[in-house]
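Colleague: I would like a close look at a single part of this protein. Please take me through it in one go, with enough of the surroundings to place it.

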Amino acid sequence: IIEVKTEHPFVDLQLFKYFNFSLSTLTLVLYGLTFYSSAFLLPILLVNLMDYTVLQLGLMMVPCSISSSILLLTSGWMADRWDSRYLIALGLVFGFLSMLMQSSISYQTSAAAIVFMLVLRGAGTGMLFTPLTKVAMRGIPAGKTGMASGYLMLLLVIGGSFGIAIFIFQAGLKTLLSSSIYFI
C-alpha cells in the first residue's frame, strides 16, 4: 500500500498495470520455474546417477550455450523484422519440447540425445528472451524502462528459485516417503 501511494516508490507496482509487461513477467516466471529447475537437476542426475564426469558434463553443456548465444544475438534482429509473438511462441515451444524430452531421460538415454535436448533448450531460451523483453517494454514510459527490465530479470530469477525449491522439496519428500516405508 505504501509503495502505491508514495511519490517515488522503491518498487513501482504501477508497472504491472501494463498488460504486455504483466504477461511477459508471468511468462518469465513460469519459464524460470522450469528452466532453472532443469538446469539445476540435470547435472546432478548426469554426474551422480549416470556416472558422467564433470568434464563430460561440461562438454555436453557447450552446444546448449552456443545455440542460446547465437539465438540471443540474432533474435533481436528477427524481432525487428517479424512479429515478436511468433518468436516468443517458437521459443516456448522449443523449451516445452526440451522439457518434455528431458522428462523421459533414463539410464539408457544416449549422450547425443541429451545434448540434443540441451541444444533445444538453449535455442528456446535464446529465441524467447529478446523478443519477450521487447514486447514487455511496449507502452512503458521512457523513464521507467530500466526499472521494468530489472523487474523482469528479478522475477525470472525468483521464479527459478521457486522452481528449484519445489523440485528439491518434491524429490526429498519422495525419498523420505520411500525410505519410511522400509521402517514400517
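The part I have in mind is a helix, and the request and its answer follow. Which residues of helix 3 are buried, and what covers them?

Modeller: Bear in mind that this is a predicted model. First, the setting. The protein has 6 helices and 0 strands. Along the sequence the pattern reads α-α-α-α-α-α. The C-alpha trace spans about 60 × 45 × 25 Å along its principal axes. There are 184 residues, and 35% of them count as buried. Take the contacts with a separation of 6 or more: 77% of these join residues 24 or more positions apart.

Now helix 3 itself. It covers residues 54–81, which makes 28 residues. From first C-alpha to last, helix 3 reaches 41 Å. The expected figure at 1.5 Å a residue is 40 Å, so the two are close. Helix 3 is kinked all the same. The kink is about 35° and is centred on serine 75. Ser75 is also one of the buried residues of this helix. The others on that list are Leu57, Met60, Met61, Cys64, Ser67, Ser68, Leu71, Met78 and Ala79. Their cover includes helix 2, helix 4 (84–102) and helix 5 (111–137).

Helix 2 deserves a look of its own, being part of that cover. Helix 2 has 31 residues, which should span 45 Å at 1.5 Å a residue. Its end C-alpha atoms lie 44 Å apart, so the span agrees. Helix 2 has a bend too, of about 25° at glycine 32. After helix 2 comes aspartate 51, with a positive phi near 60°.

Helix 2 also takes part in a nonpolar surface patch. The patch measures about 740 Å². Helix 2 (19–49) and helix 6 (145–183) each supply at least two of its residues. Helix 6 gives the most, with 6 residues. The members are Phe40, Leu41, Ile44, Leu154, Ile158, Phe162, Ile166, Phe167 and Ile168. Take isoleucine 168, which lies in helix 6. Why is isoleucine 168 called partly exposed? Its relative accessible area is 39%. Buried means under 20% and exposed means over 50%, so a value in between counts as partly exposed.

Last, the surface as a whole. The accessible surface of the protein comes to about 11000 Å². Carbon and sulfur atoms account for 74% of that area.

How values were computed: Residues are numbered from 1 along each chain as its sequence is written. This is a predicted model: local features need pLDDT of at least 70, side-chain atom pairs count only at pLDDT 80 or more; totals for chains, interfaces and linings use all residues. Side-chain values use heavy atoms; hydrogens and water are left out. Patches are made of residues with over 30% relative accessible area and no salt bridge: like charges are joined within 9 Å, nonpolar side chains (Val, Leu, Ile, Met, Phe, Trp, Tyr) within 5 Å. Accessible areas come from the Shrake-Rupley method with a 1.4 Å probe; for residues, only the protein chains shown count as cover. A salt bridge is a side-chain nitrogen of Lys or Arg within 4 Å of a carboxyl oxygen of Asp or Glu. Helices (H or I, at least four residues) and strands (E, at least two) are DSSP runs, numbered from the N terminus. Buried means under 20% relative accessible area, exposed over 50%, partly exposed in between (1.4 Å probe, protein chains only). The bend at a residue is the angle between axes fitted to the seven residues ending there and the seven starting there. Contact means heavy atoms within 4.5 Å.
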